[in-house]
Structure formats: structure tokens, C-alpha cells
Amino acid sequence: MKQTTLFSLSLFLLFCSTTLGISPAPAAAPKAPAAKTPHTPKAVAPSPKPLVPTLPQSPDSPDSVPDDITRILKKAKMFSTLIRLLKTTEIINNVNSQLITAKTGGITILAPDDSAFSNLKAGFLNSLNEGQKIELIQFHILPQFVSSSNFDSLSNPVQTVAGKDPVRLPLNVNALGNSVNISTGVVNATILGVVYSDNKLGIYHVDKVLLPLDFFATSKAPALAPSSLAKAPKSAKENSSEDYQGETKQDQNKSGAVSLVGLGGTKFMSLGIALMAVATMWCL
């Protein structure tokens with residue numbers, strides 16, 4: 001009896017599904033994986049190539065104290081004369097103080113080595129007075145930081161701590177290719193390399209002492225232009241005539257008479273002799 005009932009129920013369900021058209025819902029299609037966008041690395045701008053190469057003996061920036069220029073120069077082992085002049089002129093104190101207190105700007109030092117100073121004329125440094133020594137060292141210091149790749153952006157004449165006077169203190173920088181040349185009107189020097197550089201202080205090795213032009217300028221007063229009213233030099237005949245006139249005046253002052261020689265020279269004398277001869281003949 002149970003089997004008959006189950007069989008009847010199965011037939012009924014089959015009849016319902018066929019009649020009503022009930023079918024199972026189709027399975028959802030699997031989603032396609034999203035395409036990954038390839039990562040494009042950001043382009044990095046190439047850093048500017050330094051115009052001035054770094055010297056092999058240059059001290060590393062982390063090992064040096066940027067506000068102690070003497071220590072940096074001593075470590076380079078070829079700037080003894082420059083160190084001595086920085087100390088005797090007391091400029092080193094001002095420069096170090098400025099590096100400590102300055103928040104912007106910075107300083108650039110053009111440093112001649114000992115060989116450059118030895119190539120100066122014998123006794124030149126000793127011939128300078130204290131003011132000239134101060135000006136000489138100030139002439140090697142720029143009141144701004146110049147990186148090794150930025151010398152071609154300077155405007156000539158370049159200002160130094162000594163001043164910006166194109167007549168007395170000209171300093172012109174010419175950067176061409178990997179060479180940086182400096183002209184003062186007296187000396188043409190070349191920057192050989194970087195001694196030290198950070199974001200406030202740049203020290204560059206130069207092959208010659210930068211001599212200011214005003215050390216060699218003459219102080220002679222300009223010659224006066226000849227006057228348009230200047231008299232031409234007198235001839236010997238005119239001088240002789242003036243002498244005769246002078247003698248005549250003297251004789252006239254003494255005796256009140258006028259000398260024939262003084263009045264007319266030899267022509268008057270000849271005329272007087274002729275008149276005397278005519279008078280003699282007339283009397284005869």
C-alpha cells in the first residue's frame with residue numbers, strides 16, 4: 001500500500017513539472033578576472049652634471065664640520081698660506097660666524113693653493129698693507145653659495161665680499177663645457193676641483209691667486225689738454241727785437257734819449273750816415 005502511494009506521488013510530481021515547465025535556474029557564469037594595469041615607474045630627472053670635478057683629496061661632507069673652514073682646508077693639506085692669511089686678517093672669524101647664523105645664502109670660497117702663492121712675485125705679500133691683505137682675501141669669497149654645476153648661471157661681474165666694482169674689482173666667470181675660468185683683469189685662473197661642498201658652503205681649488213685690478217691701477221692725474229690760447233714759441237729774431245726794445249726803454253728811462261740802435265737797428269744807422277754825408281756835401 002505504501003509503495004503504491006509513493007509511486008502515485010512520484011507520477012503526480014512528474015506531471016506537474018512537465019505541465020508547468022519548471023526548470024532549475026541556470027548557474028551564473030564565472031566572472032572574468034580584472035586585467036591588471038602594468039606599473040609604470042616614474043621618470044627621474046637626471047641630476048645636472050657638475051662643471052667642477054671633485055678632487056680625490058677632498059674631505060667627505062659627513063666627516064667635516066661645515067662651520068669650521070680651517071679644519072676643512074687643513075684636511076686638504078695644500079692651503080697653509082691661505083689659512084694663515086684668513087687668520088691674520090681675522091676674516092675666518094667673520095666667515096665662520098656667518099655660516100653658523102645664516103639661514104639662507106651661504107658662502108663660496110675660491111681657494112688658491114700654496115703653489116699659487118709661491119708663484120707670486122717675490123715679496124709681493126709682504127709689500128701689502130693690512131687693508132690690502134684684507135681686500136685680497138675678501139676678493140676670493142663670494143657672498144652666496146654656488147654649487148659645482150651652477151657657475152654658468154652667475155652674472156658678470158660677480159660680486160665678492162670685497163665689493164662689486166667693475167672698474168676696481170672686476171671678477172668675471174666663464175663656464176664652458178667642464179671648464180670654469182676666472183678673470184680679474186690681471187690674472188686668468190681656472191677652477192681645478194671641489195674641495196668641499198654642502199648646501200651652505202662651497203670651497204673650490206683655483207690654480208692662481210686672484211689679484212684685484214686696483215692693486216695695479218695708477219693714481220696719476222690726467223694730463224691737461226693744451227689751451228687753444230697758448231702762444232707759439234718765439235723765434236730768435238723776435239727775442240732779439242724784444243731785447244733791443246728792452247735796452248731802448250732802459251736807456252730812455254735813464255737819459256730821456258732814444259738810441260738809434262734801439263729804434264731802428266742797422267737800417268736807421270745807415271740812413272743817419274747817408275744824411276750826414278748829404279749835409280756835408282751841401283755845406284761844401
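1. In this predicted model, helix α2 (residues 69-76) and helix α3 (residues 80-88) have axes that come within 10 Å of each other and cross at roughly 160°. Because angles over 145 degrees count as roughly antiparallel, α2 is roughly antiparallel to α3. The crossing in which α2 passes α3 is left-handed.

2. The residues that form this helix contact may be listed by side. From α2 the contributors are T70, L73 and K74, while α3 supplies L82, I83, L86 and K87. By character, the residues of the contact between α2 and α3 comprise four nonpolar, one polar and two charged.

3. The loop between α2 and α3 also deserves attention, since M78 is located there. M78 has a relative accessible area of 15% and is therefore buried, the limit for that class being under 20%. Although M78 and D113 stand 35 residues apart in sequence, their C-alpha atoms are 5.6 Å apart in space.

4. A further residue to examine is T108, which lies in strand β1 (residues 107-112). Is T108 buried or exposed? Its relative accessibility is 0%, so T108 counts as buried.

5. The surroundings of T108 may be described in two steps. First, the side chain of T108 reaches the backbone oxygen of Q144 at a distance of 2.6 Å. Second, when neighbours within four places in sequence are set aside, T108 is in contact with H140, I141, L142, Q144, F145, V146, G202 and Y204. Q144 thus appears both as the residue whose backbone oxygen is reached by the T108 side chain and in the list of contacts of T108.

How values were computed: Residues are numbered from 1 along each chain as its sequence is written. This is a predicted model: local features need pLDDT of at least 70, side-chain atom pairs count only at pLDDT 80 or more; totals for chains, interfaces and linings use all residues. Side-chain values use heavy atoms; hydrogens and water are left out. Axes are lines fitted to C-alpha atoms, for helices over the stretch in contact, and angles run from 0 to 180 degrees between N-to-C directions. Helices (H or I, at least four residues) and strands (E, at least two) are DSSP runs, numbered from the N terminus. Angles under 35 degrees count as roughly parallel, over 145 as roughly antiparallel, 65 to 115 as roughly perpendicular and the rest as oblique. A crossing is left-handed if the near helix is turned anticlockwise from the far one by less than a right angle, and right-handed if clockwise. Contact means heavy atoms within 4.5 Å. Ala, Val, Leu, Ile, Met, Phe, Trp, Tyr, Cys and Pro count as nonpolar, Asp, Glu, Lys and Arg as charged, and the others, Gly among them, as polar. Buried means under 20% relative accessible area, exposed over 50%, partly exposed in between (1.4 Å probe, protein chains only). A polar contact is a pair of N or O atoms within 3.5 Å; within protein, one must be able to donate a hydrogen and the other to accept it, and residues adjacent in sequence count only if both atoms are side-chain atoms.
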